[in-house]
Amino acid sequence: MKTVFSPGSVLFLLLILMCAAANAVHSNPLLLLAGISFAVLFWNFIAAWRQVRKITFIRGIPKTGFAREEIPCEIELVSRSRHGFSCTAILPFFRVPVLFKLEKVQEFTPKKRETHRVLTYMLEFQRRGKYNLSALQISSSYPFGLSTWARTLYPLGEGPQEITIFPLRCDTSEFWSQLERPPHAESTRIIADGDFSGLRLWQEGDALRKIHWRASARHGQLLTTRTDMSQPLSVFLIADFTDSDSRRTEKNIALAGSLVYDLCHHYAPFTFGAPVTLWVKIIAQEVTEILKSEETDDFCTTVLARFAQIQRRDPTLPPVDTTQEITTFRELYPSGSILWIQENKGNQETE
């Protein structure tokens with residue numbers, strides 16, 4: 001516990017010492033005043049220390065999140081007194097570089113002389129990385145404001161909770177618009193009227209948006225378009241983080257993470273069961289690595305977690321030749337796309 005005395009408490013303490021000195025020289029009623037003053041000061045310490053009996057998380061913090069995106073957090077404080085929270089402040093995860101905003105405060109008394117306060121915070125991590133969330137700092141000047149004490153609590157009894165903050169998500173619309181054709185499966189093909197090779201009877205459970213209304217009106221029954229098997233999604237993303245400028249490296253990491261997120265969440269789900277193959281080659285630090293979707297269950301989370309802890313490669317190291325990897329990818333997936341993120345090279349698509 002750390003205690004900080006306010007200027008008023010210092011003057012109050014000097015008053016007590018003066019009363020004690022006066023009593024030592026001449027016995028007088030100031031002894032009574034000194035005793036009362038000391039009791040008040042002593043009660044300021046005792047009340048502040050005992051006011052918070054329990055602190056718990058109501059809403060668990062997720063294990064992953066994105067940089068500069070708000071994450072909700074709910075904390076419950078339990079006090080022995082009905083007025084124990086009048087001058088109490090809480091700083092969640094004070095050793096972690098995170099911004100927090102108090103959204104809502106709820107207070108109720110389920111038992112006599114026991115007050116519960118629920119604090120809803122919005123946490124915003126400014127940088128990618130992996131953090132340990134355990135310590136909470138509570139400060140209070142209750143009841144008289146003569147001193148402020150701060151206490152560090154660990155509400156997670158099982159140990160610190162780790163949270164992985166993925167790179168900042170950036171707008172990739174301009175990137176995809178620069179490509180002649182986004183590397184995803186074509187949408188459902190609409191068959192011309194009168195050609196029943198691409199139509200079938202509507203069945204319960206089919207989406208209404210797939211109904212071919214003109215053909216249905218002509219034939220007097222609901223007809224839907226068939227969904228042809230789409231072309232497989234095969235993409236090889238080469239993320240070269242050898243830029244000598246750390247700021248450009250962070251932008252490249254954010255772009256690479258956003259592209260992987262787009263491929264996994266916006267393009268892969270619309271391949272209609274077609275095979276999905278994503279390769280990511282990371283050129284950073286002293287060792288390069290390739291992550292493949294066919295070898296990982298949760299490919300998107302795995303890649304983003306890797307990007308969260310990536311370190312910029314030493315510019316003095318020799319460049320990495322990716323010719324062999326590209327050749328191997330082309331042999332396995334001839335129609336696949338290759339996206340390249342590199343210093344001063346921008347973003348490329350190799351046909």
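Good morning. I begin with a list of residues: V235, L237, V260, L263, L278, W279, V280 and F299 line the largest cavity in this structure. Please bear in mind that the model is predicted.

How many cavities of 30 Å³ or more does a search of the whole structure find? The search returns 1, and the space inside the largest cavity comes to about 30 Å³. As to chemical character, its lining divides into 8 nonpolar residues, with no polar and no charged ones.

Which elements build that lining? At least two residues each come from β14, spanning 233-240, from α5, and from β15, spanning 276-283. Of these, β15 gives the largest share, with 3 residues.

I turn now to the nonpolar core. The largest one has 33 residues, and those with the most contacts inside it are L237, F241, V280, I282 and F307. At least two residues of this core are supplied by each of α3 (173-178), β14, α5, β15, α6 (299-308) and β17 (337-342). Its largest share, 9 residues, belongs to α5. Two names recur here: L237 and V280 line the largest cavity, and both are listed among the core residues with the most contacts.

Finally, helix α5 itself. It covers residues 246-267, 22 in number, and reaches 30 Å from its first C-alpha to its last, close to the 32 Å expected at 1.5 Å a residue. What caps its N-terminal end? The cap is D245, with a side-chain oxygen 2.9 Å from the backbone nitrogen of R247.

In summary, α5 contributes at least two residues to the lining of the largest cavity and the largest share of the largest nonpolar core. Thank you.

Note on methods: Residues numbered from 1 in each chain as written. Predicted model: local features only at pLDDT ≥ 70, side-chain atom pairs only at ≥ 80, totals over all residues. Heavy atoms only, no water. Helix = DSSP H or I, 4+ residues; strand = E, 2+ residues; numbered from the N terminus. Expected span 1.5 Å × (residues − 1). Polar contact = N/O pair within 3.5 Å; in protein donor to acceptor, adjacent residues only side chain to side chain. 1 Å grid on protein atoms, 1.4 Å probe; cavity = no way out; pocket = protein on both sides within 12 Å on 5 of 7 lines; lining within 4 Å. Points joined across faces, edges and corners; volume = space filled by probe spheres on them. Nonpolar A, V, L, I, M, F, W, Y, C, P; charged D, E, K, R; others polar. Core = buried A, V, L, I, M, F, W, Y, C linked by side-chain atoms within 4.5 Å. Buried < 20%, exposed > 50% of the residue type's maximum accessible area, 1.4 Å probe, protein only.
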